Protein chains: 2
Amino acid sequence: MLKLSKLTDYAAVIMAHIARDPAKAQTASELAQCVNLPHPTVGKILKMLAKKGLLESRRGSQGGYVLARPASRISASDIIAAIEGPIGMTECSHADGDCELLDICGVADNWQRVSQAVRTLLDGVTLAHLAQTAPIKLPVQMPIQSVTLASGAEYGKG
Amino acid sequence: MLKLSKLTDYAAVIMAHIARDPAKAQTASELAQCVNLPHPTVGKILKMLAKKGLLESRRGSQGGYVLARPASRISASDIIAAIEGPIGMTECSHADGDCELLDICGVADNWQRVSQAVRTLLDGVTLAHLAQTAPIKLPVQMPIQSVTLASGAEYGKG
DNA sequence: AGCAAAGGGGACTAAAATGGTCCTATATGA
DNA sequence: TCATATAGGACCATTTTAGTCCCCTTTGCT
């Protein structure tokens with residue numbers, strides 16, 4: 001289903017929550033309550049986000065989490081990558097493939113391009129967009145449709 | 001990692017293989033050999049693809065599978081949806097959400113738009129594209145980047 | 001100084017999704 | 001009528017994911 005994991009989903013919600021009150025350092029407990037999720041789980045997610053440099057943490061009493069940079073400079077792909085690792089549609093989308101099928105499969109290259117396009121799309125969506133209540137507008141239908149038809153031969157036409 | 005499942009990955013490879021010789025009905029065994037995967041697995045995938053109307057099957061001797069329509073009219077999202085179900089980034093991306101967090105989460109709407117954009121992107125990639133050996137070109141970076149900035153307020157800027 | 005409130009890190013368990021196999025039934029052509 | 005295919009579904013093993021818990025360190029307050 002090309003779905004985000006639940007944790008990633010939660011992460012987005014949590015980040016959005018923090019982004020809506022960026023001045024205040026918020027604790028794991030507070031956030032857990034606001035978002036209605038168990039404290040340990042929220043804590044785990046916050047740790048991951050902090051480790052990847054999306055949040056800054058303050059320890060000790062009066063501590064909590066703050067955005068490490070403005071919401072407009074944190075992208076959806078940042079958040080996804082923080083929880084799930086690098087974004088790629090297939091196994092061979094990133095690393096130098098240890099995929100034994102590479103010779104046979106014949107689609108690897110093209111999947112990589114598609115992955116790149118998805119990544120770029122997600123780079124363009126910021127936390128600021130996600131956090132705003134008004135729906136964001138992504139009128140990308142036309143440009144993409146036309147653009148993907150760029151290259152040569154078509155098989156099995158007609 | 002926003003990854004396709006292995007089965008979906010295989011499905012793409014298999015479909016591409018069929019698309020490269022569209023006239024001939026190919027059996028599960030043949031394809032399994034070509035693609036170097038176990039027969040039962042390939043069989044399972046072919047069944048799924050046929051059930052969703054992407055392939056047509058002929059039973060009995062001399063049987064096998066053929067594309068149900070030209071490769072240029074089968075999209076990447078068709079293939080993905082056939083194996084994994086509807087494409088959506090989050091649980092609530094498609095159905096009328098039974099997500100209890102909907103009130104709290106505040107990002108559902110926006111994720112749905114992002115999902116839609118990804119879906120559109122994948123609609124634009126055809127099996128014909130995937131099957132061709134030459135890499136497809138997806139110069140979508142610019143249009144998307146600029147377009148996602150469409151709407152109003154930005155949080156936490158500066 | 002000491003205490004309480006926070007996060008850091010990692011081990012562990014339970015549950016769910018995934019991948020893969022197998023069996024029986026049905027259709028088809030020689 | 002037999003060999004060759006797919007159709008459909010039950011089944012199991014493995015991996016991934018989600019969630020919990022424990023002990024440690026840091027920090028502010030009294």
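**A base contact to start with**

Which polar backbone atom is 3.3 Å from a base oxygen of DNA strand D? That atom belongs to A:Ser61. Keep in mind that this is a predicted model, so every distance here is computed from predicted positions.

**Around DNA strand D**

Let's stay with DNA strand D for a moment. It has 22 residues around it, and the closest are A:Lys6, A:Lys44, A:Arg59, B:Ser57 and B:Tyr65. Of the strand D atoms that come within 4 Å of the protein, 68% are sugar and phosphate. Sorted by type, the residues of this surface come out as ten polar, six charged and six nonpolar.

Both chains pitch in. Chain A brings α1 (6–19) and α3 (39–51), while chain B brings β1 (55–58) and β2 (64–67), and each of these elements supplies at least two residues. On the chain B side, the side chain of B:Tyr65 has an N or O atom 2.7 Å from a phosphate oxygen of DNA strand D. B:Gly60 uses its backbone instead: one of its polar backbone atoms sits 3.1 Å from a sugar or linking oxygen of that strand.

**Around DNA strand C**

Now for the other strand. DNA strand C is surrounded by 20 residues, with A:Ser57, A:Tyr65, B:Lys6, B:Lys44 and B:Arg59 the closest. Sugar and phosphate make up 67% of the strand C atoms within 4 Å of the protein. The residues of this surface split into nine polar, six charged and five nonpolar.

Here chain A offers β1 (55–58) and β2 (64–67), and chain B offers α1 (6–19) and α3 (39–51), each with at least two residues. The top contributor is α1(B), which gives three residues.

A few contacts are worth clicking on. B:Lys6 places a backbone N or O atom 2.5 Å from a phosphate oxygen of DNA strand C. B:Thr41 also faces a phosphate oxygen of that strand, this time with a side-chain N or O atom at 3.4 Å. For a base contact, go to A:Lys47, where a polar side-chain atom lies 2.8 Å from a base nitrogen of DNA strand C.

**A loop residue in chain A**

One last stop is A:Pro38, found in the loop between α2 (28–35) and α3 of chain A. Is it buried, exposed or partly exposed? A:Pro38 counts as partly exposed because its relative accessible area is 47%, and that class runs between 20% and 50%. Along the sequence, A:Pro38 is ten residues from A:Ala28, and their C-alpha atoms are 9.8 Å apart in space.

Notes
Residues are numbered from 1 along each chain as its sequence is written. Chains are lettered from A and ligands numbered from 1 in the order in which they are written. This is a predicted model: local features need pLDDT of at least 70, side-chain atom pairs count only at pLDDT 80 or more; totals for chains, interfaces and linings use all residues. Side-chain values use heavy atoms; hydrogens and water are left out. A residue is near a molecule or strand if one of its heavy atoms lies within 4 Å of it. A polar contact is a pair of N or O atoms within 3.5 Å; within protein, one must be able to donate a hydrogen and the other to accept it, and residues adjacent in sequence count only if both atoms are side-chain atoms. Helices (H or I, at least four residues) and strands (E, at least two) are DSSP runs, numbered from the N terminus. Ala, Val, Leu, Ile, Met, Phe, Trp, Tyr, Cys and Pro count as nonpolar, Asp, Glu, Lys and Arg as charged, and the others, Gly among them, as polar. Buried means under 20% relative accessible area, exposed over 50%, partly exposed in between (1.4 Å probe, protein chains only).
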